[in-house]
Amino acid sequence: MSGSTVVMVGTLRAELVGPLQEEYDARELSQLTPEEAATVRVAVTSGVWGVRAEHLDRLPALEAIVNFGVGHDATDVAEAGRRGIVVSNTPDVLTDCVADAAVGLLIDTLRGLSAADRFVRRGDWAAGGTPPLARRVSGTRVGIVGLGRIGLAIATRLEGFGTTISYHNRSPRADVSYSYAPDVVTLAEGCDVLVLAAAGGDGSRHLVDAKVLDAIGPDGFLVNIARGSVVDEDALVAALDSGAIAGAGLDVFASEPTVPAALLERDDVVLTPHIGSATVETRQAMTELTLANVAAYLDSGKLLTPVG
């Protein structure tokens, strides 16, 4: 098979690069001559890098974009569709681990586990200090923005803590009994913890702004495992500084891997480096599904998990 049938766009994990190189002699886009790029049929990328219009201009014969990750907002899906290019992602296989991470982040944020760990390591406990009281998780009111696969998995887990679940989607779901809020401000006003599980992209950019943060209130918390772009980070820093909210748990940021300096020294904020799906089992499943999508398209012209 031609070495330019499959191209890699952006940095991909070694476990994915190896099979792509071995099976398809795949190379990075920057390594291809214009003549080679003109014969590429499939581009493999990640939710971090994506395939944008400038890449599409270099790949005139491109037919499919295979995305490693469930989030595909880094890829210009609309422009791809306009050019007749299909796009896939890796849904379902990462749902459980992202939901697990969200619940862990929520617990850490409310109970102050990471801050307590630092308290012990600094010697503050041994010196007779007492850490501040944390907040209870059981019985809290949790609002979820985005009750898709991951949002629903988060809600199901939190039911075990006796929480009251409410949510906001583009439209209500008929298959759940959770209370539906018509907008994010209303949802935030009625919960103790606002959990973000919405898709990224222009449609959700700064969905959580100063108005939403004010609605969360001084005793409320924000947890984000969606995309950093969903939160206005300047407004979040201001809300934390003023005490407009009690704290935040963040796995994603607007300009990864850069984290706002104002967040780094705060004990009322838990920061993790976009590790929602970062388990051995899930990354292996994502790799296998990505490779299966490439093979399926080249064999049959159809993707196994097309977007939309």
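These exercises, each with a worked solution, concern a predicted model.

**Exercise 1. The helix α5**

Task: Compare the reach of helix α5 with the expected value, and state which of its residues are buried.

Solution.
Step 1. Helix α5 covers residues 95-111, which is 17 residues.
Step 2. The expected span is 1.5 Å times one less than the number of residues. For α5 the expected value is 24 Å.
Step 3. From its first C-alpha to its last, α5 reaches 24 Å, close to that expectation.
Step 4. A residue is buried when its relative accessible area is under 20%. Cys-97 has 17% relative accessibility, so Cys-97 counts as buried.
Step 5. The buried residues of α5 also include Val-98, Ala-102, Leu-105, Leu-106 and Thr-109.
Step 6. An α-helix has 3.6 residues a turn, so residues three or four places apart point the same way.
Step 7. Just after α5 comes Gly-112, with a positive phi of about 65°.

**Exercise 2. Strands and their partners**

Task: Give the strand order of the open sheet of 5 strands, then name its edge strands.

Solution.
Step 1. The order is β2-β1-β3-β4-β5, and the pairing is parallel.
Step 2. An edge strand pairs on one side only; here these are β2 (27-28) and β5 (86-88).
Step 3. Strand β4 (residues 64-68) runs parallel to β5 and is joined to it by 3 bridges. Within β5, Val-86 is the residue that stands opposite Ala-64.
Step 4. Another parallel pair is β6 (residues 141-145) with β7 (residues 164-168), joined by 5 bridges. Here Gly-143 faces Ser-166 in β7 as its opposite residue.
Step 5. Of the 5 residues of β6, 4 are buried, so the strand is largely enclosed by the rest of the structure.

**Exercise 3. A pocket and a cavity**

Task: Describe the second largest pocket and the largest cavity by volume and lining.

Solution.
Step 1. Rolling a probe the size of a water molecule over the atoms shows where empty space is left.
Step 2. The second largest pocket has a volume of about 560 Å³.
Step 3. Its lining has 20 residues, and those nearest the centre are Arg-227, Gly-228, Phe-253, Ala-254 and Glu-256. By class, this lining holds 8 nonpolar, 7 polar and 5 charged residues.
Step 4. The structure has 1 cavity of 30 Å³ or more. The largest cavity holds about 30 Å³ of space.
Step 5. The cavity lining includes Asn-224, Gly-228, Glu-233, Leu-250 and Phe-253. Its classes are 5 nonpolar, 2 polar and 1 charged.
Step 6. Gly-228 and Phe-253 appear in the lining of the pocket and in that of the cavity.

**Exercise 4. Unusual backbone angles**

Task: Where do His-206, His-274 and Pro-257 lie, and what is notable about the backbone there?

Solution.
Step 1. Most residues other than glycine have a negative phi, and most peptide bonds are trans.
Step 2. His-206 lies in the loop between β9 (193-196) and α9 (210-216). Its phi is positive, near 55°. His-206 counts as partly exposed because its relative accessibility is 31%.
Step 3. His-274 lies in the loop between β12 (269-271) and α12 (280-300). Its phi is also positive, near 50°. At 27% relative accessibility, His-274 counts as partly exposed.
Step 4. Pro-257 is in the loop between β11 (247-250) and α11 (261-264). The peptide bond leading to it from Glu-256 is cis, with omega near 5°.

Key: Residues numbered from 1 in each chain as written. Predicted model: local features only at pLDDT ≥ 70, side-chain atom pairs only at ≥ 80, totals over all residues. Heavy atoms only, no water. Helix = DSSP H or I, 4+ residues; strand = E, 2+ residues; numbered from the N terminus. Buried < 20%, exposed > 50% of the residue type's maximum accessible area, 1.4 Å probe, protein only. 1 Å grid on protein atoms, 1.4 Å probe; cavity = no way out; pocket = protein on both sides within 12 Å on 5 of 7 lines; lining within 4 Å. Points joined across faces, edges and corners; volume = space filled by probe spheres on them. Nonpolar A, V, L, I, M, F, W, Y, C, P; charged D, E, K, R; others polar. Pairing = 2+ DSSP bridges.
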